[in-house]
Amino acid sequence: MDKIQLKKSKSDLAINGGAPAFQQPLHVGRPNMGDKAAFMRYVDQIFDNRWLSNNGPLVQELEQRIANYHQVKHCVAMCNGTIALEIAIRALELTGEVILPSYTFIATAHALHWQEITPVFADIDPVTHCLDPEAVRKMITPKTTGIIGVHLWGHAAPVNDLQAVADEYGLQLLFDAAHAFGCSYQGQMIGNFGRCEVLSFHATKFFNTFEGGAVLTNDDELAEKMRLMRNFGFAGMDNVIHPGTNGKMTEICAAMGLVNLDNLGVVLEANRRNYLAYQQEFADLPVRLFAFDERERKNYQYVVMEVGEVCPVSRDEIVKALHAENVLARRYFWPGCHNMKPFKELFPHAGLLLQNTQLVADRVIVLPTGNAMTVESVRLVCNIISLNLESA
Ligand code: T4K
């Protein structure tokens, strides 16, 4: 662990020739790790059982525990969140055009494009960073079959308003809940909204299984269909009854998940503690910390800072200064999916209708947190940001 010493003046900053604040890089998305000894006991069990994949006992136990945690009927575990999205999209028989935000991780758009569905980007609310239902309404055409809301940073998309739009036009609604493990909307756990909701258990997430993901749903038929699809459509030996792919989670990933589930309270407390420390340090700075609804359950996995017009230094200058100090802050999800090559080529003028997306994508810096991060490190990160603002 680095010895923490606050910097006194702007001449101490690494961009001005000072020593970097941290000897080891401070990553956004440093994995939250559970108990290693408990994980090794699962490894012994896996070796003893010689059961490695294909809906093994640990996967089944994990599914049950995640479904219980989210108070939802079904959890269908998958090898990662992107394949889980693709399987959900196929299971809902989406075709033609599907509306989604551009301000999301590229996987949301790729999952549609990979299924030969046109992703149609709608603008977001600049405060919540989630889809704006009125902007969605404007993008509906006779080819639209669905809407994907994204619960960005673990903050729920406007579920009821999106459902109203979906109902009015006869569209399917699903959610990319990759960031929203353990979060709620109007007091009800994520997993219970739309036709289904898709989680990611990637290493960088609040809850990880190394790689992994799942679809949560209360729909028995849909869950059964997705279980078939993730295992090549097999219904028993030699009997394929549905088109499918390989979306299965392995036992070793499930073991990591079971260990990390037992550690969720520790991670949540660390994230909350770090978030509150950031909030306290930012109180007097001309930057905004993304605010969560206090009435909802949240995981605080993303600490999102916004650099607005009143800030004397640009977002990119702050990121550069943080990187020089070994704080590997991220510009998630700049420049927006519509500006990434595959979609820029498809829709060169999409940006014209995405003004809030552009605004937010140019403002955001995601800062490190998690149970590998201490309050002292948070103070030092904020001290660096504060000195940079002074140096303007
Ligand atoms: N929908 C949304 C809204 C998503 O955010 C994501 C994934 C998905 C769908 C798709 O779910 P998955 O198919 O991934 O399950 C990362 C993750 O790879 C990605 O899972 C995640 N979103 C996205 C927000 O972040 P990058 O490009 O930032 O990854 P990378 O390699 O730069 O890693 C981030 C930081 O974490 C680095 O500073 C290093 C650190 N790190 C990473 C790994 C893997 C570690 O310290 N240890 C590790 O093991 O995308």
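In this predicted model, P335 lies in the loop that runs between β13 and α11. The peptide bond that leads into this proline, from W334 to P335, is cis, with an omega near 0°. A further cis peptide bond joins Y332 to F333, and its omega is near -15°; F333 is likewise placed in the loop between β13 (327–328) and α11 (341–346). Backbone geometry also draws attention to N54, a residue other than glycine whose phi has a positive value, near 55°. N54 is found in the loop between α1 (36–49) and α2 (57–69).

Y332, the residue from which the cis bond to F333 starts, is also one of the residues that come nearest to the ligand, together with R30, T82, D176 and K205, out of the 25 residues around the ligand. By class, the residues of this shell divide into 9 nonpolar, 12 polar and 4 charged.

Several side chains place an N or O atom at a short listed distance from the ligand. In the case of D176, a side-chain N or O atom is 2.6 Å from a nitrogen atom of the ligand. Oxygen atoms of the ligand are involved in the cases of R330 and H202: an N or O atom in the side chain of R330 is 2.8 Å from a ligand oxygen, while for the side chain of H202 the corresponding distance to an oxygen atom of the ligand is 3.3 Å. On its own the ligand has 940 Å² of accessible area, and the protein covers 75% of this area. The space that the ligand takes is the largest pocket, and the elements that contribute two or more residues to the shell around the ligand are α3 (81–91) and α4 (106–113).

Aromatic side chains were examined over the whole structure, and the search finds 21 aromatic pairs. In the pair formed by F181 and F207, the ring centres are 4.6 Å apart and the planes stand at 25°, so this pair is stacked, given that planes under 30 degrees apart count as stacked. The two phenylalanines are 26 residues apart and the pair links distant parts of the chain. F181 belongs to the loop between β6 (172–176) and β7 (184–185), whereas F207 belongs to the loop between β9 (196–200) and β10 (213–217).

Technical notes. Residues are numbered from 1 along each chain as its sequence is written. This is a predicted model: local features need pLDDT of at least 70, side-chain atom pairs count only at pLDDT 80 or more; totals for chains, interfaces and linings use all residues. Side-chain values use heavy atoms; hydrogens and water are left out. A residue is near a molecule or strand if one of its heavy atoms lies within 4 Å of it. A polar contact is a pair of N or O atoms within 3.5 Å; within protein, one must be able to donate a hydrogen and the other to accept it, and residues adjacent in sequence count only if both atoms are side-chain atoms. Accessible areas come from the Shrake-Rupley method with a 1.4 Å probe; for residues, only the protein chains shown count as cover. On a 1 Å grid over the protein atoms alone, a cavity is a set of points where a 1.4 Å probe fits but cannot get out, and a pocket is an open set with protein on both sides within 12 Å along at least five of seven lines; lining residues have an atom within 4 Å of a point. A molecule sits in a cavity or pocket if more than half of its atoms lie within 2 Å of its grid points. Helices (H or I, at least four residues) and strands (E, at least two) are DSSP runs, numbered from the N terminus. Ala, Val, Leu, Ile, Met, Phe, Trp, Tyr, Cys and Pro count as nonpolar, Asp, Glu, Lys and Arg as charged, and the others, Gly among them, as polar. Rings of Phe, Tyr and Trp (its six-membered ring) pair if their centres lie within 6.5 Å; planes under 30 degrees apart count as stacked, over 60 as edge-to-face and the rest as tilted.
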